[in-house]
Amino acid sequence: MSKRLDYDQVAPAGMKALGGVYGYIMQSKLPAVLVDLVYLRVSQINNCAYCLDMHTRDLLKKGEKIEKLALLQAWREAGNLFDARERAALAWAETVTHVAATNVPDEAYQAAREVFDERELVDLTIAVSLMNAYNRMAISFRNTPKAAIEK
């Protein structure tokens with residue numbers, strides 16, 4: 001797989017705008033590890049190798065255990081490895097990422113609202129939307145994962 005183009009160079013203002021949204025999320029009340037778990041899960045759903053590599057590395061640097069990362073895709077079957085807020089965030093991330101198929105049902109919204117206040121849920125939805133945008137950029141233009149460069 002070879003990189004098609006460098007979108008940071010081609011459209012720096014557009015990528016800076018996405019970076020501004022990323023900065024907003026990092027300053028929100030949402031814990032950074034929770035956000036990174038959501039970013040990693042969305043990237044799993046979208047099969048974005050570049051983002052999978054990056055967010056796995058980020059979570060490892062933040063002290064997350066490899067066992068938790070290995071079981072992220074099967075978080076529903078992982079027992080207490082994921083806490084209530086993480087499970088709610090992951091469920092929300094999945095239904096929002098699959099919006100065309102799920103239409104984000106009322107039950108999903110009510111479940112998320114039991115754990116997140118209004119602002120947190122809006123911020124979480126912005127984070128999910130942002131990662132879907134980044135995934136589409138990296139996949140469309142074949143951004144190379146760091147792991148593939150380091151081999």
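Helix 3 (residues 32–46) and helix 6 (residues 84–97) pack against each other at an angle of about 35 degrees, their axes lying 9 Å apart. Helices here are DSSP runs of H or I with at least four residues, and strands are E runs of at least two, numbered from the N terminus. Axes are lines fitted to C-alpha atoms, for helices over the stretch in contact, and angles run from 0 to 180 degrees between N-to-C directions. The crossing of helix 3 and helix 6 is right-handed, the term used if the near helix is turned clockwise from the far one by less than a right angle.

On the helix 3 side, the contact (heavy atoms within 4.5 Å) is made by Leu 34, Leu 37, Val 38, Arg 41, Val 42, Ile 45 and Asn 46. Helix 6 contributes Arg 85, Glu 86, Ala 89, Leu 90, Ala 93, Glu 94 and Thr 97. By class, this contact has 8 nonpolar, 2 polar and 4 charged residues. In that scheme Ala, Val, Leu, Ile, Met, Phe, Trp, Tyr, Cys and Pro are nonpolar, Asp, Glu, Lys and Arg are charged, and the others, Gly among them, are polar.

A word on the model: it is predicted, with local features needing pLDDT of at least 70 and side-chain atom pairs counting only at pLDDT 80 or more, while totals for chains, interfaces and linings use all residues. Residues are numbered from 1 along each chain as its sequence is written, and side-chain values use heavy atoms, leaving out hydrogens and water.

Two helix residues deserve a look. Buried means under 20% relative accessible area, exposed over 50%, and partly exposed in between (1.4 Å probe, protein chains only).

| Residue | Helix | Relative accessible area |
|---|---|---|
| Glu 86 | helix 6 | 8%, buried |
| Ser 43 | helix 3 | 0%, buried |

Setting aside neighbours within four places in sequence, Glu 86 is in contact with Leu 34, Leu 37, Lys 68 and Leu 81. The side chains of Glu 86 and Lys 68 are joined by a polar contact of 2.9 Å, that is, a pair of N or O atoms within 3.5 Å, one able to donate a hydrogen and the other to accept it. With the same kind of exclusion, up to four places away, Ser 43 touches Cys 48, Cys 51, Leu 52, His 55, Met 131 and Asn 135.

Zooming out, the protein has 10 helices and 0 strands. Buried residues make up 38% of its 151 residues.
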